[in-house]
Amino acid sequence: MRYLTLLLLIQLSFFSCKKEQTLQEHNKAERIANRKFVNPFIGTDGTGHTFPGPSMPFGMVQPGPDNKNYGWAHTSGYQYKDTTLLGFSQTRFSGTGINEMGDVLLLPYSKEKEALKHSYFKNTEKAEVGYYTLTKKDDVKVELTCSERVAIHQYTFPTKEAQVFINLQHGLRFVFDENSQKGLVLDSDVTIENDSTISGYAFTDNWVKRKYFYTIQFSQPFTSVEALSKAKNDKAPKYDAAFKLKADKQLKVKIALSSVSVEGAKRNLQTEIPHWDFEKVKTENQNTWDDYLNRISIEAPQKQKEIFYTSLYHLFLQPSNIADVDGKYRGADDKIAVASDKAYYSTLSIWDVYRAAFPLLQIVAPERIDGIVNSMLLHHEAAGFLPIWTAWGQDNYCMIGNHAIPMILSAYQNGFTGFDAQKALQTMLETSTISHINSDWELYNQYGYYPFDKLDNEAVSRTLESGFDDYAVARMAKKLGDSSSYIAFTKRANYYKNLFDPETHLFRGKDTQGQFRTPFDPLTATSPLNNPGDYTEANAWQYFWTPAQYDVEGMIELLGGTSEFTKHLNTFFTTKALNPNKFLGQEAMIGQYAHGNEPSHHILYLYAFSDTPKKGQEYIKRVVDEFHNNTPDGMIGNDDCGQMSAWYILSTLGFYPVNASDGTFVLGAPQASEASIQLANGKKFHMSTENFSESNNFTDSAFINDSLIKDHKISFDQIMNGGKLVFKMTSTLD
């Protein structure tokens with residue numbers, strides 16, 4: 001009897017363990033369910049300008065391969081079809097149009113095959129969330145992963161004799177000629193501390209002027225370090241380090257960075273990766289990503305899931321928290337300060353991300369929003385105006401407008417309270433009344449527009465974009481009881497009408513005498529770098545729809561009613577582009593619509609306010625099908641720090657923030673049959689469809705919480721309250 005009882009207990013224990021193991025395997029599979037769809041190579045071939053190396057969500061470091069250190073195609077340092085390998089640097093931006101970062105480049109190589117050290121076997125190159133690897137043609141295997149502030153490399157050599165080239169002069173240079181004498185590094189101080197540690201700092205002049213500090217630690221001591229000869233203009237050293245490896249022939253390297261000091265970099269390293277367990281770092285990285293990537297679930301074919309979850313991955317790469325683990329950061333005034341929440345966000349591509357990426361982050365990463373807003377307010381304290389485009393905490397003043405203003409309004413409108421609202425309004429008012437780079441308020445207010453004979457570049461675009469900022473100041477002022485500012489900025493928000501040409505029905509440059517620019521070519525795009533003119537990376541047709549971001553009703557009235565508004569949209573989407581130039585934002589075209597650049601992104605959704613809403617849905621599907629793919633060339637146009645990705649995510653879900661500041665989303669047509677968003681408040685927002693199919697891709701009607709939606713909109717609050725959005729689909733375009 002005892003024997004039978006013991007046998008029964010053993011069997012029960014076995015089945016219990018088996019059940020527990022099965023449950024653990026199920027939970028693990030569930031955790032990585034969305035991560036497996038991410039393909040970091042999407043957008044790396046062509047103009048997407050993304051990168052395949054690892055990062056953490058909103059991380060400081062992004063270790064990865066650099067194929068070239070200059071030129072527009074290599075703004076992230078990488079192009080998928082490039083076969084040359086300079087080495088592996090630790091920082092970069094995702095999807096930008098200008099080069100920056102590329103700090104601390106390392107290149108492991110085998111002395112026996114030194115002639116092959118800059119080439120690699122393409123079929124060995126692999127990338128997944130939190131991990132990148134390749135094998136070089138000298139038989140050195142490279143593996144990369146990272147924590148938030150520290151990169152860790154793992155090299156496996158063919159023999160125990162190992163070499164590492166260390167290039168502390170390297171950076172991703174904002175030049176277009178390999179022979180440019182722009183030296184990048186203005187000042188450098190490097191110390192070889194012992195036989196396994198090199199630390200230092202560099203002061204660089206590129207897209208911005210910035211200082212970065214680093215410490216490099218090797219898992220094994222180097223037997224020698226040779227300082228290499230410097231090229232002309234070099235201010236930082238390059239070294240060749242030799243190692244005698246152990247039996248496993250492995251060498252690991254940790255590289256920590258800081259904007260503050262070498263001591264800060266060392267503290268970051270000791271706090272985040274105090275060990276040499278590469279797999280542990282990789283696992284922790286991927287576990288963090290699972291939390292973010294599992295916040296949205298969709299029902300869709302695998303190809304679509306790969307595009308969707310890679311877009312979600314790209315969304316979460318930035319902005320970057322550049323504060324050290326103790327909260328210290330270097331501000332725009334070059335002074336060291338401490339962020340109260342240990343977060344100071346940079347890589348703020350504001351002209352791009354205010355449109356859709358920031359509204360989407362408020363839904364899927366709300367814990368980051370107060371920190372982002374506070375970072376912009378801190379920047380104002382240091383610089384005197386709100387940031388325009390920050391890199392490593394410094395403003396490069398790229399693009400136009402002051403769109404931190406609608407971002408702040410958006411956060412306040414949507415109930416975020418972790419910042420001082422009165423202080424925020426004051427910064428908005430000062431930024432909008434005290435002239436600074438790209439904003440001459442005396443000129444703007446004197447004429448009610450920017451006259452092209454006083455401002456020889458982007459005069460129309462600057463006027464139109466300032467209108468949205470003025471609208472946002474007015475709305476914030478009204479919410480906080482400042483009636484005089486509300487009245488003044490509501491008036492300014494209507495300045496766009498001063499440039500309306502009743503003959504062409506477009507916004508056209510005017511001089512100080514009130515005369516329109518002649519001759520006038522509405523189809524040729526202009527851009528400050530390539531073809532200066534009245535518009536910013538766009539033409540007159542593309543910029544016409546800018547005020548519709550905040551004043552659709554005013555635009556309809558300006559054109560003479562809804563019927564004329566509809567006709568104007570139809571003309572826009574059917575007027576053929578003439579010799580579109582990708583360097584002027586003209587790619588992924590449907591008529592004059594240029595999906596490859598941000599000024600067009602909201603225009604598809606303006607059909608919701610027309611006589612033919614489903615026409616816009618037809619174009620949305622075309623953009624999704626024709627301009628997005630699960631291949632390296634599957635992104636046409638710069639991802640611009642997640643804005644292109646945000647457009648795809650939101651359009652898949654069936655809605656988009658035409659007005660990025662008022663907490664509303666305009667309905668289109670969902671591109672997936674079902675989706676759910678796990679919200680931070682514990683609730684779940686659910687989108688579902690009826691009669692969804694490849695042919696039934698138009699919205700016949702939509703319901704929020706069983707109530708018919710009559711105005712083509714849903715609100716941020718309806719989403720965050722865990723609403724249920726149902727689309728009833730049809731194949732009928734009428």
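## Exercises on a predicted model

**Exercise 1: Place Thr44.** Work out where Thr44 lies, and decide whether Thr44 counts as buried or exposed.

*Solution.* Start with the position along the chain: Thr44 lies in the loop between α1 (2–31) and β1 (64–66). By the way, the model you're looking at is a predicted one. Next, check the accessibility. Buried means under 20% relative accessible area. Thr44 has a relative accessibility of 1%, so it counts as buried. Finally, look for the neighbours, skipping residues up to four places away in sequence: Thr44 touches Thr50, Phe51, Pro52, Tyr78, Gln79, Tyr80 and Pro632.

**Exercise 2: Describe a helix pair.** Find the angle at which α4 and α17 pack and how far apart their axes are, then sort the residues of their contact into nonpolar, polar and charged.

*Solution.* Two packed helices are described by the angle between their axes and the distance between the axes. Here, α4 covers residues 302–315 and α17 covers residues 643–653; they pack at about 130 degrees, with axes 8 Å apart. That angle makes α4 oblique to α17. As for handedness, the crossing of α4 and α17 is left-handed.

Now list who meets whom. From α4 come Gln304, Ile307, Phe308, Ser311, Leu312, His314 and Leu315, and they meet Ser645, Ala646, Tyr648, Ile649 and Thr652 of α17. Sorting the residues of this contact gives seven nonpolar, five polar and no charged.

**Exercise 3: Look inside α14.** Pick out the buried residues of α14, and say which elements they pack against.

*Solution.* Helix α14 runs over residues 552–559, and its buried residues are Val552, Gly554, Met555, Ile556 and Leu559. Turn to their surroundings: the buried residues of α14 pack against two strands, β23 (500–501) and β24 (506–507), and against two helices, α13 (540–544) and α15 (562–574). Then see what comes after the helix: Gly560 follows α14, and its phi is positive, near 105 degrees.

**Exercise 4: Step back to the whole chain.** Decide whether the radius of gyration of the protein chain agrees with that of a compact globule.

*Solution.* Count the parts before anything else: the protein chain has 18 helices and 34 strands. For 734 residues, a compact globule would have a radius of gyration near 27 Å; the chain has 27 Å, so the two agree. The C-alpha trace spans about 85 × 80 × 50 Å along its principal axes. Burial comes next: 62% of the 734 residues count as buried. Last, take the contacts between residues at least 6 apart in sequence: 68% of them join residues at least 24 apart.

Conventions:
Residues are numbered from 1 along each chain as its sequence is written. This is a predicted model: local features need pLDDT of at least 70, side-chain atom pairs count only at pLDDT 80 or more; totals for chains, interfaces and linings use all residues. Side-chain values use heavy atoms; hydrogens and water are left out. Axes are lines fitted to C-alpha atoms, for helices over the stretch in contact, and angles run from 0 to 180 degrees between N-to-C directions. Helices (H or I, at least four residues) and strands (E, at least two) are DSSP runs, numbered from the N terminus. Angles under 35 degrees count as roughly parallel, over 145 as roughly antiparallel, 65 to 115 as roughly perpendicular and the rest as oblique. A crossing is left-handed if the near helix is turned anticlockwise from the far one by less than a right angle, and right-handed if clockwise. Contact means heavy atoms within 4.5 Å. Ala, Val, Leu, Ile, Met, Phe, Trp, Tyr, Cys and Pro count as nonpolar, Asp, Glu, Lys and Arg as charged, and the others, Gly among them, as polar. Buried means under 20% relative accessible area, exposed over 50%, partly exposed in between (1.4 Å probe, protein chains only). The radius of gyration is taken over C-alpha atoms; the globule rule is 2.2 Å times the number of residues to the power 0.38.
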